[in-house]
Amino acid sequence: MSDQQMDTVLAETRKFPPSSEFSSKAHIKSMEEYQALHKRSIEDPEGFWSEVASELHWFKEWDTVLNDSEPPFFKWFEGGKTNICYNCLDRHLDGPNRDKPAIVWEGEPGDSATLTYAELHSLVCRFANVLKSLGVGKGDRVAIYLPMVVELPAAVLACARIGAVHNVVFAGFSSESIKDRVLDSQAKLVITADAGWRRGKILALKEIVDAGVEECDCVENVLVVKRGIEEEFAFSMKEGRDHWYHELAAGQSDDCPAEELDAEDMLFLLYTSGTTGKPKGIMHTQAGYMVYTYLTAKYVFDLKPEDVYWCTADVGWITGHSYLIYGPMQNAATVVVYEGAPNWPDNGRFWEIVEKYKVSIFYTAPTAIRAFMKWGDEFPQKCDLSSLRLLGTVGEAINPEAWIWYHELIGGKRCPIVDTYWQTETGGIILSPLPGVTPTKPGSATLPFFGIDPAVLTDGGEEVRAGILSVRQPWPGMTRGIWGDQERYKDTYWCKWDGKYYFPGDGARKDEDGYIWILGRVDDVVNVSGHRIGTAELESIYVEHPSVAESAVIGVAHEIKGQGLVSFVTVRQGFEGDETLSKALNALVAQKIGKFAMPERIVFSPDLPKTRSGKIMRRLLRDIAEGRELGNVTTLADPSIVESLQDQFNKGA
Ligand code: PRX
């Protein structure tokens, strides 16, 4: 967060209590009720979570709720046998939810489909049988690179059903990113589509996958979903390796019993950026994640049988896993899934979808809200948004101005807003208002969810008003570690306070009401449009280019994206830092990660500011990039570098 953004947040004093009408119908109705339940969840986590787990289906009940004998490797519900897919689908088939829409899908070009819980169950069973026919079984890793079509949640649920480990790769990632993830996880199957739609353009997904898996010997088969696009686009099918999903599915039964899985069997891997050049495969297991996403979805979104719930995140990110599929479906919600961009064919698409399907709960990212604000009030104003009763945000701190716009223009001043703070690693929401309970303050994720005991600490572990966020005790949805690298897991998340507290990597402030305000990352991870990008990832890509000597990538405040990236690059002797090189470096980032990771600007400079011990002073680079007064530069090895950097920066501005 920039100093200016921080000042705005610190000055924010407005409070918005929920209406008594909302509270009276909510699952949790009062602050007293929340506080009592929260206290219980902290003092008796095993009692609390076993009661929650009892609301779900188990083939066999657990022996122990929490095994904390080997911290930080916590285990939940050991001895229990369950299946999260069963809890999302089969559990609803005996009652009125059987014929309730589970997924209401809309494609970008306007095609649509509705699947009831019974129909989704059949689709998932058929999909699971296809997976089995390709030799996929329990514990096998399956990479999924699909657009937001119905087959995406179906593929995810089908993996869960048979105990295969899904690894969804967001369909904006490049071939090389697919390759890295497939190789690291040793996936034996890749599921993709021939293509998808994005902003009126065809994304040739199969081609991207082909380039990605070329050198991956572990991949035995590629399963291809047909998106149904009439226009011509390039792709090919490799004999023996590639199979059309619809051809294999045609011969399959729509009955496939859910595998009775151990509580700690792995459910999925999801790669996320960290502070090194290599993304980490975050692991989640069946039961703890299941119980946690079930309860957070139920209480934070106050899900009721009549709700139409729309989470706009792509399934390629953790939000799509926990709050498009697993959380809402365990609660038998009707979930809207939209394939395309918010501004296609025009800037009003989201609001038309809200009106068309009578969406009652809408969950999106602050970066999207800021884009809507910029596009103009007339787009939401043209639509009937009166079906909305609750709004949510996720992915980054929301600036109060965007919060107020969301509250007034979208929520008509009547909808509570839940600002939900969490991460890929936490599995589910850990800080959030409860919509019927918590008076909200624009920009604050407010209070902890049940089972979460946060503290704001100094590096030394003292509690302070403003410092580093920590979580004091384990919770069921937390990650079980990093695939293939548990040392890195310990080092990254548990070494800060002698292994006593979980370290999420964010700065935070606690105000006089005990509300928590997230102040942004304290490590070298930048949150661009709510997506984590490790600066080290870009830096290691740049130095692969023969003309680059060194680089430092930093995050700077960005009007729409929250944060954008600025790359400072020094070139080797004899090379020119010019537009051609700039383009080449951008192309390299697009090729290695994806276009979404390209920086706002590349600034070439003869040198980087360093301390006498050779450490790059990133803070100074941020000050330069955000046009701030520079403080003391005498600790620099070469103070004259600052002027030349400022010149370079201003030249391109
Ligand atoms: O910095 C925090 C920010 O997003 C990070 C987690 O990113 P990721 O694992 O990709 O998950 C994003 C969706 C859950 C956090 O470390 N973040 C997420 N939600 C918020 C947030 N920062 C402030 N307020 C939030 N509500």
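Mentor: A polar contact is a pair of N or O atoms within 3.5 Å, and that cut-off is the one to keep in mind for this predicted model.

Trainee: What makes the pair formed by Arg532 and the ligand a polar contact?

Mentor: A polar side-chain atom of Arg532 lies 2.7 Å from an oxygen atom of the ligand, and because the cut-off is 3.5 Å, the pair counts as a polar contact. The protein covers 95% of the 540 Å² of accessible area that the ligand has on its own.

Trainee: How do you know that the backbone atoms of Thr420 and Glu396 belong in this class too?

Mentor: For Thr420, a polar backbone atom is 2.7 Å from a nitrogen atom of the ligand, while for Glu396 a backbone N or O atom lies 3.4 Å from a ligand nitrogen; both values are within 3.5 Å, and therefore both pairs qualify.

Trainee: Why is Cys85 not called part of a disulfide?

Mentor: The closest cysteine sulfur, in Cys88, is 6.6 Å from the sulfur of Cys85, which is too far for a bond, because a disulfide requires two cysteine sulfur atoms within 2.5 Å. Cys415 is in no disulfide either, with the nearest cysteine sulfur, that of Cys383, 15 Å away, and by this rule the count comes to 0 disulfides.

Trainee: Why are Cys85 and Cys415 called buried?

Mentor: Buried means under 20% relative accessible area; Cys85 has 0% relative accessibility and therefore counts as buried, and Cys415, at 2%, is for that reason classed as buried as well.

Key
Residues are numbered from 1 along each chain as its sequence is written. This is a predicted model: local features need pLDDT of at least 70, side-chain atom pairs count only at pLDDT 80 or more; totals for chains, interfaces and linings use all residues. Side-chain values use heavy atoms; hydrogens and water are left out. A polar contact is a pair of N or O atoms within 3.5 Å; within protein, one must be able to donate a hydrogen and the other to accept it, and residues adjacent in sequence count only if both atoms are side-chain atoms. Accessible areas come from the Shrake-Rupley method with a 1.4 Å probe; for residues, only the protein chains shown count as cover. Buried means under 20% relative accessible area, exposed over 50%, partly exposed in between (1.4 Å probe, protein chains only).
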